[in-house]
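Work through the exercises below with the sequence and the model in view. Each task is followed by a solution in steps.

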Amino acid sequence: MILTLKKGTTQKGIEQICHKITKLGFSFHISKGKERTIIGVVGENAIAKREIFESFFVVDSITPISKPYKLVSREFKKENTVIKVKKVKIGGKKIVVIAGPCSIETEKRLLEIAGIVQKAGAVILRGGAFKPRTSPYSFQGLGEKGLEYLAKASRITGLPVVTEARDTSQLELISRYSDIIQIGARNMQNFDLLKEAGKIKKPILLKRGMSAKIEEFLMSAEYILSRGNNDVILCERGIRTFEDSTRFTLDLSSVPLIKRLSHLPIIVDPSHGTGRRELILPMSMAAIASGADGLMIEVHSRPEEALSDGFQSLLPKDFRRLMKEMRGIVKVFKRSI
Ligand code: PEP
Ligand code: MN
């Protein structure tokens with residue numbers, strides 16, 4: 001439920017109403033506009049207390065939020081959320097390209113790939129140190145050593161970095177090394193991880209679960225916002241369908257739909273979404289056309305030697321070509337890159 005306060009409500013008036021909201025057992029989120037302050041009241045069945053809120057002197061009008069997710073909804077916040085990571089803005093006019101290897105393998109290889117993707121135009125470096133692998137016998141990631149290499153690559157290139165946290169015990173460690181923390185598809189409904197991610201002061205890149213409905217995806221983002229972290233970047237990475245000629249089915253219709261339902265930025269990962277190198281360029285173009293705010297792409301200098309996902313990683317020359325093609329495409333949609 002959104003309370004729009006009367007014009008000219010004083011700071012004291014705002015504090016008093018917030019106190020009353022808390023006493024009624026709800027939490028609140030204040031948004032101060034040029035002319036008016038609005039307060040989002042969240043909690044189980046807040047609308048049932050509508051009459052009490054109507055009786056507050058400073059309240060001008062009340063708007064119920066029809067969706068089960070509140071803070072992430074467009075109803076709650078009309079303007080797009082723009083998330084700043086160092087000098088990079090995610091969710092603005094500029095398309096943000098995140099690129100790098102699936103896993104951090106060696107320091108040398110990471111620095112090499114970081115240089116390649118930066119030169120081609122990527123603005124954020126990716127790389128996993130704690131890998132969620134289907135097989136327990138597959139490479140699980142370098143752990144903290146990998147984080148050290150990632151931080152070094154960030155220092156050398158100046159690129160902000162993103163890496164995945166698989167569980168709550170890794171959050172504190174990873175937030176010491178990484179600018180953005182990724183929560184992967186397999187953990188999209190790890191509610192304890194979402195709650196803890198809501199308490200840290202780093203942006204979260206939340207990937208759509210491979211069998212998650214859009215509403216469930218947004219409810220997971222709501223977990224993070226409801227604990228106080230408003231900086232959530234959504235990522236469409238494909239869902240499981242009967243189709244098995246691609247690794248997943250990249251559901252690009254989610255992008256314009258989520259743009260209507262939520263103010264949060266959304267990027268697309270065509271690497272995991274298709275699992276096929278030759279589809280990454282066309283699906284990147286389609287992602288931009290669908291309204292995505294950015295792309296996340298796996299790149300490797302020697303995909304045949306990669307310890308994970310080499311088959312879907314772009315070669316440096318392919319990534320350079322992709323960036324070149326993107327520069328033309330984005331203009332059509334009045335964006336830049
Ligand atoms: C990844 O981005 O490294 C990854 C494992 O992706 P997802 O969680 O989408 O499978
Ligand atoms: Mn991967």
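**Exercise 1.** How many bridges join strand S11 to S12, and do the two run parallel or antiparallel?

*Solution.* The model is predicted, so local features need pLDDT of at least 70 and side-chain atom pairs count only at pLDDT 80 or more, while totals for chains, interfaces and linings use all residues. Residues are numbered from 1 along each chain as its sequence is written, chains are lettered from A and ligands numbered from 1 in the order in which they are written, and side-chain values use heavy atoms, with hydrogens and water left out.

Step 1. Helices (H or I, at least four residues) and strands (E, at least two) are DSSP runs, numbered from the N terminus. Two strands pair if DSSP finds at least two bridges between them.

Step 2. S11 covers residues 204–207, and four bridges join this strand to S12 in a parallel arrangement. Leu206 has Leu234 in S12 as its bridge partner.

Step 3. Between S11 and S12 the chain passes through helix H7 (residues 214–226), giving a right-handed β-α-β crossover. Right-handed means that, with the strands pointing away from the viewer, the path from the first strand over the helix to the second runs clockwise.

**Exercise 2.** Which strand does S12 join through three bridges, and is S12 buried or exposed?

*Solution.* Step 1. The three bridges lead to strand S13 (residues 266–268), which runs parallel to S12. Here Glu236 is matched with Val268 in S13.

Step 2. S12, helix H8 (residues 254–261) and S13 form a right-handed β-α-β unit.

Step 3. A residue is buried under 20% relative accessible area, exposed over 50% and partly exposed in between (1.4 Å probe, protein chains only). Five of the five residues of S12 (residues 232–236) are buried, so the strand is largely enclosed by the rest of the structure.

Step 4. Both faces of S12 are covered: one side has Val232, Leu234 and Glu236, the other Ile233 and Cys235.

**Exercise 3.** Which residues are the protein donors of the manganese ion (ligand 2)?

*Solution.* Step 1. Donors are N, O and S atoms within 2.8 Å of the metal (3.2 Å for Na, K and Ca); water is not among the atoms, so sites may look incomplete.

Step 2. The protein donors are Cys102 (SG), His272 (NE2), Glu298 (OE) and Asp309 (OD), at 2.0 to 2.4 Å from the ion. Their spacing in sequence is C-x169-H-x25-E-x10-D.

Step 3. Glu298 belongs to strand S14 (residues 294–298) and Asp309 to the loop between S14 and helix H11 (316–332), so this pair ties together parts that are eleven residues apart in sequence. Glu298 and Asp309 are both buried.

**Exercise 4.** Is the aromatic pair of Phe26 and Phe53 stacked, edge-to-face or tilted?

*Solution.* Step 1. Rings of Phe, Tyr and Trp (its six-membered ring) pair if their centres lie within 6.5 Å; planes under 30 degrees apart count as stacked, over 60 as edge-to-face and the rest as tilted. By this rule there are three aromatic pairs.

Step 2. Phe26 and Phe53 are 6.3 Å apart, centre to centre, with 45° between the planes, and the pair is tilted.

Step 3. The pair links distant parts of the chain, 27 residues apart: Phe26 is in the loop between helix H1 (11–23) and strand S2 (27–32), and Phe53 is in helix H2 (residues 50–54).

Step 4. Phe26 is buried at 8% relative accessibility, and Phe53 is buried at 0%. Together with Phe56, Phe26 and Phe53 form one aromatic cluster.
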